[in-house]
Amino acid sequence: MKKILLTLALVTTTLSASAQEVKQRIVEDGGTGPYKAIMKEEPSLAAHTVFVPQDLSAFGKKKQLPVLVWGNGACTNSPWEHYKFLNEIASYGFIVVATGFIPMDEQGYRGPMSTTEQQIESMDWVEAQNADPASPYYQKIDVKNIAVAGMSCGGLQTLYNCADPRIKTLMICNSGLFNQENAGQAVGGMPMPPKDKLKEIHSSIIYILGGESDIAYGNGMDDFHRISHVPACATNFPVGHGGTYREAHGGEFSVVALAWLQWQLQGDKKAAKMFVGKDCLLSTRDRWTIEKNELFEKLK
């Protein structure tokens, strides 16, 4: 039985399958990309939310879905603050696996906190689905191109997991590791790896921060200035810690995040122009700034 509810111009669908409710929701208009996306639960992956193109027929061995694994702010076990941003990315031909329960309305999540292990579960799941002939994702996922990312606490979870060899690139949003002297500012339950954890990063990395008014600005920029062994950049858009995730289609943050993922996971040379060169497009985009380390311009 299929029941369609119109709520705040969003289409919410709840399907009953094998005596288990599988929730899914079309966010905004499905995103601005060429593959209209859907936000959904997957019964085989508890406590996670998946964003993926609605029609998977365009994907297969020759055109696969790169992966974005996402951790939420405040260690929240639901992507309720980021679903517009994540859905927008999925609409450009990505599968996004976010930590936590699907947000079916505009109410904030108030349950137990998420864990760092959930990002590992996300990577395990996409690998298993891609290899399972019974899965709708069989041979449709590009498991060699996985980005792990997160906002605030989710960024700390990402850095905690940074050594995982499956990671192709990292995206740290409104976040950065705490120094010993400001560790007391952290919310209880957040992962607190030391700054030495940065040495375990083996991939390219981008910091997307909210400018000097972002409470994570100091930590994030300190991280960036310590990273010299892998290509790294730090971008800033002066909107504070909350970013633009809840704006239509994720706002400005989705523009930069999408370009990064298209470049690093899809090899898109046009998207690379957002970051590469002295006069990169980001440096000319209103209110954005970018800093790069010495290895960055060698990044392919």
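Colleague: N77 first. Is N77 buried or exposed?
Modeller: Buried. Its relative accessibility is 7%, and the cut-off for buried is under 20%. Bear in mind that this is a predicted model.

Colleague: Where does N77 lie?
Modeller: In the loop between β6 and α1.

Colleague: Which side chain makes a polar contact with that of N77?
Modeller: The side chain of Q118, at 2.9 Å.

Colleague: What else does N77 touch?
Modeller: Leaving out residues up to four places away in sequence, N77 touches A47, N72, T99, G100, F101, Y109, P112, M113, S114 and Q118.

Colleague: Switching to cysteines. How many disulfides does the structure hold?
Modeller: One. C75 is joined to C153, with an S to S distance of 1.8 Å.

Colleague: What does that disulfide tie together?
Modeller: C75 sits in the loop between β6 (65-71) and α1 (83-90), while C153 belongs to helix α3 (residues 153-160), so the pair links parts that are 78 residues apart in sequence. N77 is in the loop between β6 and α1 too.

Colleague: Why is the disulfide right-handed?
Modeller: Because the torsion about the S-S bond of C75 and C153 is about 75 degrees.

Colleague: Are C75 and C153 buried or exposed?
Modeller: Both C75 and C153 are buried.

Colleague: And why is there no bond from C162 to C153?
Modeller: Distance. C153 has the closest cysteine sulfur, and that is 15 Å from the sulfur of C162, too far for a bond. C162 is buried, at 1% relative accessible area.

Colleague: What about C280?
Modeller: C280 is in no disulfide. Its nearest cysteine sulfur belongs to C233, 8.6 Å away. C280 also counts as buried, with 1% relative accessibility.

Colleague: Now the whole chain. How many helices and strands?
Modeller: Seven helices and 12 strands.

Colleague: How does the radius of gyration fit a compact globule?
Modeller: It agrees. The protein chain has 18 Å, and a compact globule of 300 residues would be near 19 Å. The C-alpha trace spans about 55 × 40 × 35 Å along its principal axes.

Colleague: What share of the residues is buried?
Modeller: 57% of the 300 residues. On contacts, take those between residues at least 6 apart in sequence: 67% join residues at least 24 apart.

Colleague: Last topic, confidence. What is the mean pLDDT?
Modeller: 92 for the protein chain, with 90% of its residues at 70 or more. Over residues 1-19 the pLDDT is below 50. That stretch has 42 contacts in the model beyond near neighbours in sequence. Predicted coordinates should not be read in detail where pLDDT is low.

Conventions
Residues numbered from 1 in each chain as written. Predicted model: local features only at pLDDT ≥ 70, side-chain atom pairs only at ≥ 80, totals over all residues. Heavy atoms only, no water. Disulfide = S-S within 2.5 Å. Helix = DSSP H or I, 4+ residues; strand = E, 2+ residues; numbered from the N terminus. Buried < 20%, exposed > 50% of the residue type's maximum accessible area, 1.4 Å probe, protein only. pLDDT = per-residue confidence, 0-100. Contact = heavy atoms within 4.5 Å. Polar contact = N/O pair within 3.5 Å; in protein donor to acceptor, adjacent residues only side chain to side chain. Rg over C-alpha atoms; globule rule 2.2 N^0.38 Å.
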